[in-house]
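Subject: Structure handover

Hi,

Here is the structure I promised to pass on. Have a look at it first, and then read my notes below.

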Amino acid sequence: MLRVAKFGGSSVASAEQFKKVKEIVKMDPTRKFVVVSAVGKANKEDNKITDLLYLCYAHIKYNMNCEAIFKIVEEKFCSIATELNLQFDIKGELKKLKERLDSKNISEEYLVSRGEYLTALLMAEYLGYRFIDAKDFVFYNYDNTYDYVKSEKAFEELTKNGENFIIPGFYGSLPNGDIKLMTRGGGDVSGAIVASLANASVYENWTDVSGVLMADPRIVENPKSIEIINYNELRELSYMGASVLHEEAVFPVALKKIPIQIRNTNRPQDKGTIINNSEEGAIQNVITGIAGKKDFSIITIRKVHMSNEVGLIRKALSVFEDYNVSIEHIPSGVDSFSVVVETKAVKPFIYELMAKLKKVTSAGEVTLTSEIALIATVGMGMKNSKGFSGRLFSAVGKAGINIVVISQTSDEINIILGVHNSDYERTIRTIYYEFNAQ
């Protein structure tokens with residue numbers, strides 16, 4: 001048994017949180033690899049180190065003084081080191097970083113990555129683990145693709161002595177050695193990469209919640225937690241806004257069928273959520289979870305006898321490609337089809353785009369509907385539940401909610417409803433309580 005444990009920013013936000021991490025790690029000797037995010041928010045009024053470092057770079061970019069911001073960074077790191085009686089020269093490291101910042105001889109990606117780098121160095125001393133820099137084995141190509149073969153070879157060499165290791169998350173390196181940051185929340189991906197490279201039995205993702213919830217607790221009061229969820233179900237929920245785990249974190253471990261376990265650093269006694277490739281969760285529940293996002297737009301192209309015209313949709317989609325716009329859904333009818341996109345992606349040029357669509361497709365009409373929310377009801381069990389869709393639509397209809405668009409794939413894992421932004425929260429509550437009695 002070998003476990004990879006990744007601790008998020010809230011789990012390492014203070015000296016007190018460091019102590020909790022140590023208790024968890026020492027509780028199980030199979031936790032041989034620990035991945036950490038940068039020091040996070042210790043309370044609502046606090047700031048994340050990552051945010052502060054991004055802000056520092058923005059200041060120097062526009063020739064503004066960032067002394068006050070960097071001082072907060074120094075205080076957060078130094079207070080942890082002092083409270084834990086660590087000998088690591090954190091002040092010296094911060095001084096060198098500040099000198100590079102002042103000289104402007106620093107890239108944004110290098111500067112921001114120091115949040116994870118310094119957090120991991122402090123944690124390495126505190127745990128007595130060996131530090132490995134992520135840049136030395138998490139390799140990316142210049143096209144931003146991950147180089148697994150090169151990474152695997154480097155990882156094997158670095159860990160061949162079989163020690164316990166600590167690794168900073170959120171970054172790797174490019175072929176020329178430059179730091180390459182992942183997207184926000186990328187520490188989850190780092191942990192998954194390490195789990196895959198180490199052939200771990202389990203990838204533990206420690207955060208500040210006790211697993212994945214069936215719905216957003218800001219919308220549904222005390223939603224049920226999900227005990228078991230399939231990789232594909234999690235992907236669907238993550239993409240639609242469930243933010244417990246970075247959506248890209250599934251791929252490195254799913255290929256090797258390594259289960260992910262979401263755990264709570266503040267409540268290590270809780271079971272959390274198991275994410276794997278089985279359909280066990282579908283046996284327990286018809287639906288696994290509900291998630292959604294606001295602010296989409298629906299662009300509808302109408303043309304008589306459209307269904308008889310070959311290549312019309314391709315022509316329309318090429319226009320969106322020209323504007324580098326990603327498409328969410330394409331519901332269609334006999335004489336019309338719609339393209340659902342994020343409003344912010346098309347807002348700067350929406351009328352120009354619509355005019356071009358009309359010209360390219362020779363459409364009779366191109367219309368726009370904005371302020372639409374997309375809500376996904378996800379569950380492997382839906383495909384075996386007769387009358388599920390009818391029950392879902394009936395509940396929404398009885399609540400007086402107008403459905404603007406419906407989308408469902410043939411695998412029946414996901415039903416997406418488009419409703420007006422104003423009905424977003426009410427729709428989620430309606431669906432949740434229909435399948436989970438109050």
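One cut-off before the rest: a residue is called buried when its relative accessible area is under 20%, exposed when that area is over 50%, and partly exposed in between. Also keep in mind that this is a predicted model.

**Salt bridges**

That cut-off is useful straight away for the charged pairs. The count of salt bridges comes to 23, and I picked out a few of them.

Take K98 and D102, whose closest N and O atoms are 2.8 Å apart in a salt bridge. Both are in helix α4 (residues 90–103), and because they are four residues apart there, about one helical turn separates them. How accessible is each partner, K98 and D102? K98 comes out as buried, at 10% relative accessibility. D102 has 48%, so it counts as partly exposed.

R267 and D270 make another salt bridge, with 2.7 Å between the closest N and O atoms. Here R267 is partly exposed at 41% relative accessibility, while D270 is buried at 18%.

The third pair is K356 with D322, where the closest N and O atoms are 3.6 Å apart. This one links distant parts of the chain: K356 belongs to helix α13 (residues 350–361) and D322 to helix α11 (residues 312–322), with the two positions 34 residues apart. K356 is partly exposed, with a relative accessible area of 32%, and D322 is exposed at 55%.

There is also a network of salt bridges that links R3, D28, R31, E204 and R263. If you want a way into it on screen, start from R3, which sits in strand β1 (residues 3–7). R3 is buried, with a relative accessible area of 15%, and its side chain makes a polar contact of 3.0 Å with the side chain of D28.

**The sheet around β1**

Since you will be looking at β1 anyway, here is its setting. Which strands make up the open sheet, and in what order? There are eight, running β3-β4-β2-β1-β7-β9-β10-β8, and the pairing is mixed. β3 (130–131) and β8 (228–230) are at the edges with a single partner strand each, so one side of each has no neighbour in the sheet.

β1 and β7 run parallel and are joined by five bridges. One pairing to look up is K6, whose bridge partner in β7 is N205. As a general point, side chains in a regular strand alternate between the two faces of the sheet.

Following the chain on from β2 (31–36), the loop between that strand and α2 holds D46. D46 is buried, at 18% relative accessibility, and its side chain reaches the backbone nitrogen of A42 at 2.9 Å.

**Antiparallel strands**

β13 (residues 365–378) has antiparallel pairings that you can trace too. With β11 it pairs over eleven bridges, and R302 has E365 of β13 as its bridge partner. Seven bridges join β13 to β15 (residues 414–420), again in the antiparallel sense. For that pairing, look for L374, with G418 of β15 as its bridge partner.

**Pockets**

Now the pockets. What is the volume of the largest pocket? It is about 1,300 Å³. Its lining is made by 50 residues, and K48, T207, D208, S243 and V244 are the ones nearest the centre. The elements that each give two or more residues to this lining are α2 (49–61), α7 (187–197), β7 (202–207), α8 (231–239), β11 (289–302) and α15 (424–435). By type, the lining of the largest pocket has 21 nonpolar, 18 polar and eleven charged residues.

The second largest pocket holds about 310 Å³ of space. It is lined by 15 residues, with Y140, N144, M182, V189 and E248 nearest its centre. At least two lining residues come from each of β6 (179–181), α7 and α9 (250–254). The lining of this second pocket splits into eight nonpolar, five polar and two charged residues.

That is what I have for now. Shout if anything is unclear.

Cheers

Methods
Residues are numbered from 1 along each chain as its sequence is written. This is a predicted model: local features need pLDDT of at least 70, side-chain atom pairs count only at pLDDT 80 or more; totals for chains, interfaces and linings use all residues. Side-chain values use heavy atoms; hydrogens and water are left out. On a 1 Å grid over the protein atoms alone, a cavity is a set of points where a 1.4 Å probe fits but cannot get out, and a pocket is an open set with protein on both sides within 12 Å along at least five of seven lines; lining residues have an atom within 4 Å of a point. Grid points are joined across faces, edges and corners, and a volume is the space filled by probe spheres set on the points. Ala, Val, Leu, Ile, Met, Phe, Trp, Tyr, Cys and Pro count as nonpolar, Asp, Glu, Lys and Arg as charged, and the others, Gly among them, as polar. Two strands pair if DSSP finds at least two bridges between them. A salt bridge is a side-chain nitrogen of Lys or Arg within 4 Å of a carboxyl oxygen of Asp or Glu. Buried means under 20% relative accessible area, exposed over 50%, partly exposed in between (1.4 Å probe, protein chains only). A polar contact is a pair of N or O atoms within 3.5 Å; within protein, one must be able to donate a hydrogen and the other to accept it, and residues adjacent in sequence count only if both atoms are side-chain atoms.
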